[in-house]
Amino acid sequence: MKRQRWWWIAALAAGGSLAALIMAGSLVERFVYAKPEAEPTASANAVTARTVRTLEARIKAVEPRGLYIVIDTAANRLLLKRGDKTIKEFVISCGSGGILEDTSGGRKWIFETPRGEYAVQNKLVNPTWIKPDWAFIEEGEKIPSDYNERIDNDTLGDFALGFGNGYFIHGTLYTRLLGRNVTHGCVRVGDKDLKEIYQAAGIGTRIYIY
Amino acid sequence: MKKAAIAGILAAAAALAVAANGQDWDGKAKRLEEEFRLAKTSSVYLVVDAGAKTVSLRIRGLTLKTWPVSNIRSWGRPIGIKSLKVEKRTGWSAEDRVNLTPGRKPEKKRKDKKPKDIGDDVLEIDDMPAKYGFILETNARLDIRPRAKGLFNRSAYALGGLGRSIGRSVRLIWSVIKKREFSNIQVTVPTKKTAQEIFWAVPEGTGILFF
C-alpha cells in the first residue's frame with residue numbers, strides 16, 4: 001500500500017516537472033523571443049507606394065524577355081516559355097549525379113547538370129563530340145594521345161546548343177532512357193524535339209536550370 | 001458640435017488608414033528589397049510565403065515552381081522578412097552518390113536495360129530524403145517534412161508531440177542560458193514527393209526568403 005503511494009507521488013512529480021519544463025519553455029518563447037529583431041531597412045524612411053513600385057520595377061527588369069528555356073532536372077523536362085506561358089514541353093535526360101574517380105590521376109568528376117541561369121552560347125549542326133578524358137576512363141579504355149581518336153561524330157545527334165563549360169543540349173542514341181537521369185551533365189533530347197528547340201532558340205536565349 | 005465630432009471621427013479613421021497603409025508598404029518594401037537582392041544574382045532561390053502557404057522556387061524574379069504547404073510553424077526568434085543562405089542540408093550527404101567504377105561501361109549496359117531497371121545506377125528524385133533540415137545562417141533552421149498519412153503514422157506523430165514539446169522547451173531554455181538565440185521553422189508539405197522535390201531543388205548555398 002505504502003509502495004503504491006510512492007509510485008503515485010513519483011508519477012505526479014515527474015508529470016509536474018515535465019509540465020513545468022514545457023511551461024518554462026513557452027515563457028522563454030513569449031518573453032525572450034517575442035519580437036523579431038529590429039532591423040532598419042533601407043526603405044525605413046517614408047516608404048510609400050512609389051518606393052514599392054520602384055522595387056517591383058527593379059525585379060521586373062531582371063526577368064527574362066522574349067523566349068526562354070526552363071529545365072527541370074528532377075522531372076527531366078524542358079520547357080520553351082515566353083512570359084508565364086509555356087509554349088511547349090519536352091521529355092529530356094539530365095545528369096545522373098554519379099561520381100567517377102580516376103584512380104591513377106586522382107581526378108574526380110560529378111555528372112550533374114549545372115543549376116542556375118545560363119544562355120545559349122553557340123548552335124551547331126551535325127556536332128562533333130571531342131571525347132574528354134572521363135569518357136575513356138568510364139569505359140575502361142586508355143586515354144589516347146592522338147587527338148583524332150577523341151573525335152566522335154555519332155553521339156550528339158543532328159544539333160547541339162552549347163551553354164558553357166562544355167555543357168550542351170544535344171541529341172541521343174538512347175531515346176528509351178529519355179525521362180531518366182542518365183547523362184554526364186549535358187541535356188539529351190529526342191531527335192524531333194531537338195530540331196524544334198534548335199529552331200526556336202537563338203544565341204543568347206536564357207536557360208534556367210533547377 | 002455634431003459636425004465637429006463627425007469630422008474628428010473621419011480624421012481619426014483617415015489617420016488610421018494612412019498608418020495601416022504605411023505599415024503595409026514598409027513590409028512590402030522590405031520583402032521586395034530582400035527579393036531583389038536574390039533576384040539580381042544568377043542563382044535560384046526559395047521563397048517561403050507563410051501568408052499564402054506556399055513555397056516557390058524562383059530565379060531572376062521568375063517563379064519556376066510552386067509547392068503548396070499544409071502547415072507552417074515556427075519557434076525561437078521569429079525570422080520576420082529576411083533572406084538566409086543554406087549552409088548545410090541534413091538527411092542526405094554527397095557520399096550517397098553513386099560511385100561509378102572505371103571500366104564499368106554504364107552507357108553500353110544501360111542500352112540493354114529496361115528504363116525501370118536503371119534506378120540503382122543513377123541519382124533521381126526518389127533517392128532524395130522526405131524529412132530533412134536546411135541549416136541556415138545566423139543559427140536558423142528550416143525543417144521540411146511530409147504530412148503524416150494513415151492512422152498509424154498520424155497516431156505516432158500525435159504521440160510524439162509531447163516529446164517534441166519537451167525538446168523545444170529544453171532547447172529554448174538552453175539557448176537563453178548559452179546566450180545563443182535560434183530560429184526554427186517547420187514546413188509540413190502535403191506529400192513525400194513534394195518534400196523530395198524541394199530537397200532536389202535547393203542545394204547548399206541557395207538563398208531562402210521568408211515572409
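User: How many residues does helix 3 of chain B have, and how far does helix 3 reach from its first C-alpha to its last?

Analyst: This is a predicted model, in which local features need pLDDT of at least 70, side-chain atom pairs count only at pLDDT 80 or more, and totals for chains, interfaces and linings use all residues. Residues are numbered from 1 along each chain as its sequence is written, with chains lettered from A and ligands numbered from 1 in the order in which they are written. Helices are DSSP runs of H or I with at least four residues, and strands are runs of E with at least two, numbered from the N terminus. Helix 3 of chain B spans residues 151–177, and its reach is close to the 39 Å expected (1.5 Å times one less than its number of residues): 27 residues and 39 Å.

User: Where is the kink in helix 3 of chain B centred?

Analyst: The bend at a residue is the angle between axes fitted to the seven residues ending there and the seven starting there. In helix 3 of chain B the kink is about 35 degrees, and its centre is B:Gly161.

User: Which element gives the largest share of the side of chain A that touches chain B?

Analyst: Residues are in contact if their C-beta atoms, placed from the backbone, lie within 7 Å. The contact takes 50 residues from chain A and 54 residues from chain B. Nine residues on the chain A side come from the element with the largest share, helix 2 of chain A.

User: What is the bridge partner of A:Ile99 in strand 6 of chain B?

Analyst: Strands pair if DSSP finds at least two bridges between them. Strand 4 of chain A pairs with strand 6 (residues 99–100) of chain B in the parallel sense, over two bridges. The partner of A:Ile99 there is B:Asn99.

Definitions and conventions
Two residues are in contact if their C-beta atoms, placed from the backbone, lie within 7 Å.
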